[in-house]
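Here are some notes on the model you asked me to look over, set out as numbered points so that each can be checked against the coordinates.

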Amino acid sequence: MDLSGSWSFQLDPADIGLKEAWHRKILAHQLELPGSLQAQGFGDDVSVDTPWTGGIVDRSWFTEERYARYREPDNIKVPFWLQPEKYYAGAAWYQREFDAPDWWHGHRVTLVLERPHWETRVWLDDREVGGNTSLATPHVYDLGDVAPGRHRLTIRVDNRMIVEVGPNAHSVSDHTQTNWNGIIGRMEIVIGAPVWLDDVQIYPRVEQRAALVKVRISNALGTSGTVHLTTQAHLVNAATDHRPTPAALEVALHAGGTTAEMLYPLGDKAQLWDEFHPALYALDLQLHATVGQVSSSDSRTVISGLREVTVAGTQIAINGRPVFLRGTLECCIFPLTGYPPTDVDSWKRIIRVCKAHGLNHIRFHSWCPPEAAFVAADELGFYYQVECSSWANQGATIGDGRPLDAWLYEEGARITTAYGNHPSFILMAYGNEPGGKHHPEYLAKWVTYWKEHDPRRLHTSGAGWPAIPENDYHNIPGPRIQAWGAELTSRINARPPETHTDYRDWVALMKKPIVSHEIGQWCVYPHFDEIARYTGVLKAKNFEIFRDFLIANHMGDQARDFLMASGKLQALCYKEEIESALRTPGFAGFQLLDLHDFPGQGTALVGVLDPFWESKGYITPEEFHRFCSDTVPLARMAKRYWRNSETFVADIDVAHFGPAGYRDAATWKLLDPWGDIVAAGVLPPMDVPTGGITRLGTVALPLADLAVPRNYRLLVETGAGKNDWDLWVFADTVDTTTPGEILEADTLDEASLARLAAGGTVLLTPRPDLLNAPSTIGFSSIFWNTAWTKGFTDRPHPNGQAPHTLGILCNPRHPVFASFPTDYHSNWQWWELIHGAAAMWLDHMPPALRPLIQPIDTWFEARRLGLLVEVRVNGGKLMICSMDISTDLDNRLVARQFRRSLLDYLTGSAFDPQIGVLPEDILALWAQQ
């Protein structure tokens, strides 16, 4: 009996419904289920006092004047996550009537609620049936003997913190899905036999080409009897049919039920399940029970796959073949509804998007998806890490004897029972980044327990930590190119660009498979066109604030340019992040944070896709797939900047984790900026086994005949994939002498002012450490976001963890770049110029002033910043450069070439600044001593 439709309903904010026995009263309102009450206009308006579920690190919205207008009752807009129109946390009562026909008598009557949020209590008429606190699995109630006639069904749903799973856990938090109240998915009354198949679990035996079938048979008749059980399997999604021989089993039935198991042979022709060949078997079980004079029949079909996941040294293997997990997080981000979809097609769309970007894995951060997600992954061939609905932090701990300790075992049992047969479910953790003094001891027992009780998957303690001996694999954050608290000391910001570094030291140290935790977290500028897409329960009012800030600082017309330029840098950061993992021998995989945006925790715009899994326009799935797939060519280059007297050298590897090995001869080409081939070659044919990294050969190319200065692209192609890398070639010698007509100084001193007053040209190169630079610049994009990192850095900064910028924006057609190869956005050559630079703060300058090189500031501040600025002062022409273009130029090839291009511009007729400023405007660029 389908229970979807109109239900009576009433909020219970004073929590008086239990005392007043609301299950006996007529409820005041109507709404539709499945659904949430907030999406249907119930709850309180959002206000300054809304008791959000989720931590807010940056609380400046509550106090700072610039946010004052967004705290007004008729204009509430919060910057820290997407915003619902209504908010409610508490009990709500739902009620409807149904008619039970005569034939129900003698049958088992069960209520199934696929996904309530959160705790439910159920009454049938005046009788309380029970309660359930699962966040991850259906709430199922035995309604007992239901007499014929009309009945009243009442459900109380409470979405407060029933068990302290952690306010930031994505199973409950307002950071992403919202703390909604309601019921989604299947809502039905199911009529079944009095002796039934209560549970069926399938344990694949790949080597034996068999399945161990374990069943629990329940008996509501109260007396003993016998059971005849038959099993028949058949392929359900393969091009060829395969129907193993049926098997049968006789079982004694006890009064309270019984358990049984059989090893069911699938035969030599049995097909295995994996990402490349997701063969699924339907096991049809038929039960015929005899209890005295009563006969009872039941049937059940279980879809599963013949799949084993094991540890192979420091790698993870599926059916004995090493795999490389290329994953992204999914943090329950569904802006239109505020809760996850329960239909298979929605999940197939997400998986297909992930696969188009070369991924084969999703980690569900501190939550577990509904059944439809597993079905979709099973059918498409995709791997999941599932977690038990908790992120024990900010007051929540594990291992300290709190209710969460026991609840996690209960939730784990519910998850493995409900979803354990799905071959896509290969990894399991308690949840995310645990807290509590005794969490390592607790999780050691947790992992040991689950390894013994359900060996169908691999187990780890927690996502992030601890790396304890009991883990099958470690899900740790260390192997990455940037980290929390690293500021500008991380590899991507502190060391010149190269493509040699990998994580083999981590592999040797940990001695177990490593799936790196939450790598990436590279930000991009907000895509304001996205605002119009939020037509459901959540609105992007945070984006409206950030857009207002940008407009107020006279840069509203640059929003699209900021998005595209920062997006190109973001993609570059992800490419190096992913390739560093792929080129590591013995590495097991990575989990990105994230392929798509994370709208909470301050607004973390870390995706190349938006929260709807749609492109933002600066990288295609095909481009992403080049450096992220089961077969990826890799170039190991010691550096990216070369002199034309050198021989360019790159070792060419391929990371191959396809279904089988192959033999191929890789080709390489060196392309100029217009795509023309300037050099090419073929590497010797090689056998490439699957499951690791193979050296294909070495490219060695003298550069003497190449045009300079120029950006080139190395393209490597194999029969199974292609990839490319930027490099730059410069002349051996470049004249960087300052011409006599230019006065170069590091301060606006009297000589500089005199030269300007005489109509001359001044090049000002101030010391970066002396400038008033509230936004710290680095080569990389912003890590996570500057609001959330304010509370998570060893050296607190009012802007959060550095860098506070998202790369640079420039016009490559401007004559200042005539002799300097660049595009409109950051690329690796800019590392040398940005490293050690300072971003000049220009908000006090005339609104029309646009820097020639413009760092893109964090959207929380939207400061107008510059690295290269031209202005008129007292009739003269002034250029200010806050990058180091003076020291060690014999070894700093990029800086040397940029200086040459800049000097050429300053001595040419094109140098004609149009914006005039006062000397005091220039002096304001320095920090006040």
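1. In this predicted model, Thr328 is placed opposite Ile362 of strand 25. The pairing to which this belongs joins strand 24, residues 325–330, to strand 25 in the parallel sense, with four bridges between them. The connection between these strands passes through helix 1 (residues 344–356), and strand 24, helix 1 and strand 25 together form a right-handed β-α-β unit.

2. Ile362 also has a bridge partner in strand 26, namely Tyr384. Strand 25 and strand 26 (residues 383–390) pair over three bridges, and the sense is parallel. Helix 2, residues 371–380, takes part in a right-handed β-α-β unit with strand 25 and strand 26, so that strand 25 belongs both to this unit and to the one that contains helix 1.

3. Which residues of strand 25 lie on each side, and are they buried or exposed? Strand 25 covers residues 361–364, with His361 and Arg363 on one side and Ile362 and Phe364 on the other, and all of these are buried, so that both faces of the strand are covered. The division into two pairs follows the general pattern, because in a regular strand the side chains alternate between the two faces of the sheet.

4. Helix 8, residues 559–582, allows a simple check of geometry: at 1.5 Å a residue its 24 residues should span 34 Å, and the C-alpha atoms at its ends are 34 Å apart, which agrees. As for its surroundings, 21 of the 24 residues of helix 8 are buried, and therefore the helix is largely enclosed by the rest of the structure.

5. His242 deserves a separate look, being located in the loop between strand 16 (225–235) and strand 17 (247–253). Its relative accessible area is 11%, so His242 counts as buried, the cut-off being under 20%. The side chain of His242 makes a polar contact of 2.7 Å with the side chain of Tyr281, and it also reaches the backbone oxygen of Leu266 at 3.1 Å. Leaving aside residues up to four places away in sequence, His242 touches Ala233, His234, Leu235, Leu266, Lys269, Ala270 and Tyr281.

6. Pro798 also lies in a loop, here between strand 43 (761–764) and strand 44 (805–810). With a relative accessibility of 61%, Pro798 counts as exposed, because the cut-off for that class is over 50%. The C-alpha atom of Pro798 is separated by 8.9 Å from that of Thr786, a residue 12 residues apart from Pro798 along the chain.

Notes. Residues numbered from 1 in each chain as written. Predicted model: local features only at pLDDT ≥ 70, side-chain atom pairs only at ≥ 80, totals over all residues. Heavy atoms only, no water. Buried < 20%, exposed > 50% of the residue type's maximum accessible area, 1.4 Å probe, protein only. Helix = DSSP H or I, 4+ residues; strand = E, 2+ residues; numbered from the N terminus. Pairing = 2+ DSSP bridges. Expected span 1.5 Å × (residues − 1). Polar contact = N/O pair within 3.5 Å; in protein donor to acceptor, adjacent residues only side chain to side chain. Contact = heavy atoms within 4.5 Å.
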